[in-house]
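Welcome, and please keep your viewer open beside this text. At each stop, make the selection and then look around before moving on.

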Amino acid sequence: MTYQSPLLSRPGAVEATAPDAGVAAHYGDPMREQRLLARGEALADLSHRGVVTITGPDRLSWLNTLSSQLLLGLKPGESSEALLLTVQGRIEYDARVVDDGETTWLIVEAFEAEGLAEWLNKMKFMLRVEIADVSAQWAVVGAAKAVAGFEDRLVWRDPWPKIGAGGFAYTRIEEPQHPGLDRTWFEYLVPTAELEAAVDGKELAGILAVEALRIAAWRPRFGTETDEKTIPHELDLMRTAVHMDKGCYKGQETIARVHNLGHPPRRLVFLQLDGTQHTLPAAGSEVRLADRKVGTVTSAALHYEMGPVALAVIKRSVDPETQLLVADEDTLYDAAQEVIVAPDAGSVVGRPKGLLRGGPR
């Protein structure tokens, strides 16, 4: 059955389209909602997100062997991000991870949950773990600040853009100057049956507001910035979702090889778009250098301060100083690029070397 949030009954609610169908794009005033969300004065309905649980005494050690992240020492209430990769190092699943001391909770995109739970069940063998897709029983509520009255609820706090232990930044800028530091982000787990009561009397912001703040923070999202070929280096996910010194996991050799010996073939960029068009390019629109396609728009939004902005994945070889064009059918947008993943990221002097084999588990 297609999910429909009960909060779509709020006055002015307009349902979002895929990949966020089932929750509100906005509640009648997207710019006001975005300002309120940025100030921590509104909540976002993310109840369409997928939620997968892992219980059992082997849960963290087992998940550690499968994922790109070092999870052995994850403390109750501590947040992390972990990728599950193909043998070729391509991103197959991207999970927000938080453990409550008895259960590990994975918050994922709506379309990930069923497949992720099935795959994990196939991988448990004789280990003491139990996996369940509990997306129907649990909802996610997003906020830019800690929410009063939610203190007892389990929450995942986005580590982006802090460089985690074992992580590495593929940007040129120093961490204190990263625009993502202007955005804090919390995702609370709420029983679906309690969702309406939990947000009663609180301002709500739609997905348009959530996405605008995410794009401005250069934060990649699975399923929008990714495709079937994406490796973490291309999106700067090495900073939050990959531990370079942990032991072997599927895809680890590709991660280390690209980091140590080469360059990611593509790179994520932030685009400031020409605002005279009064429209936004659709995801999938071509990014062009003159009349040559060099990439693809992955997400676009109207930011309450910066105007029209976008994220795009382009060829690594594109000159960072070059003015680009975005082509959406018959509409052309001038696009000034800001470098997120540096073209020379694979040859940064003094970077830590990732292990090709072995290492601490």
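Start inside the protein: this predicted model holds 3 cavities of 30 Å³ or more. The largest cavity contains about 220 Å³ of space. To find its centre, select R96, R214, R219, P220 and R221, which are the closest to that centre among the 18 residues of the lining. Next, colour strand 6 (91–99) and helix 5, the elements that each give two or more residues to this lining. The largest share, 3 residues, comes from helix 5. Which class would you expect to see around this cavity: nonpolar, polar or charged? Colour the lining by class to check: 13 residues are charged and 5 are nonpolar, while no polar residue takes part.

Now turn to the open spaces. The largest pocket has a volume of about 530 Å³. Select T17, D20, L208, E211 and A300 to mark the residues closest to its centre, out of the 27 that line it. Then show helix 1 (30–38), helix 5 (207–216) and strand 15 (292–303), each of which supplies at least two residues of this lining. Colouring by class again, you will find 17 nonpolar, 6 polar and 4 charged residues around the largest pocket.

Keep two of those elements on screen, helix 1 and helix 5. Their axes come within 8 Å and cross at roughly 55°. Angles from 65 to 115 degrees count as roughly perpendicular and those under 35 as roughly parallel, so helix 1 and helix 5 are oblique to each other. The crossing of helix 1 past helix 5 is right-handed. Which residues make the contact? On helix 1, select P30, E33, Q34, L37 and A38; on helix 5, select L208, A209, V210, A212 and L213. Sorted by class, the residues of this contact comprise 8 nonpolar, 1 polar and 1 charged. While you are here, notice that L208 belongs to this contact and is also one of the residues closest to the centre of the largest pocket.

The last stops are about the backbone. Most residues other than glycine have a negative phi, and most peptide bonds are trans. Three places here are worth a look with that in mind.

- Select A18 and P19: a cis peptide bond joins them, with omega at about 10°. P19 sits in the loop between strand 1 (14–15) and strand 2 (24–26).
- Select W160 and P161: here too the peptide bond is cis, with omega at about 0°. Look for P161 in the loop that runs between strand 10 (155–157) and strand 11 (186–191).
- Select W218: although this residue is not a glycine, its phi is positive, at about 65°. W218 lies in the loop between helix 5 and helix 6 (252–261).

To finish, return to helix 5 and show everything around it. Helix 5 gives residues to the lining of the largest cavity, supplies others to the lining of the largest pocket, and crosses helix 1 at roughly 55°.

Methods: Residues numbered from 1 in each chain as written. Predicted model: local features only at pLDDT ≥ 70, side-chain atom pairs only at ≥ 80, totals over all residues. Heavy atoms only, no water. 1 Å grid on protein atoms, 1.4 Å probe; cavity = no way out; pocket = protein on both sides within 12 Å on 5 of 7 lines; lining within 4 Å. Points joined across faces, edges and corners; volume = space filled by probe spheres on them. Helix = DSSP H or I, 4+ residues; strand = E, 2+ residues; numbered from the N terminus. Nonpolar A, V, L, I, M, F, W, Y, C, P; charged D, E, K, R; others polar. Axes fitted to C-alpha atoms, helices over the stretch in contact; angles between N-to-C directions. Parallel < 35°, antiparallel > 145°, perpendicular 65-115°, else oblique. Left-handed = near helix turned anticlockwise from the far one by under 90°. Contact = heavy atoms within 4.5 Å.
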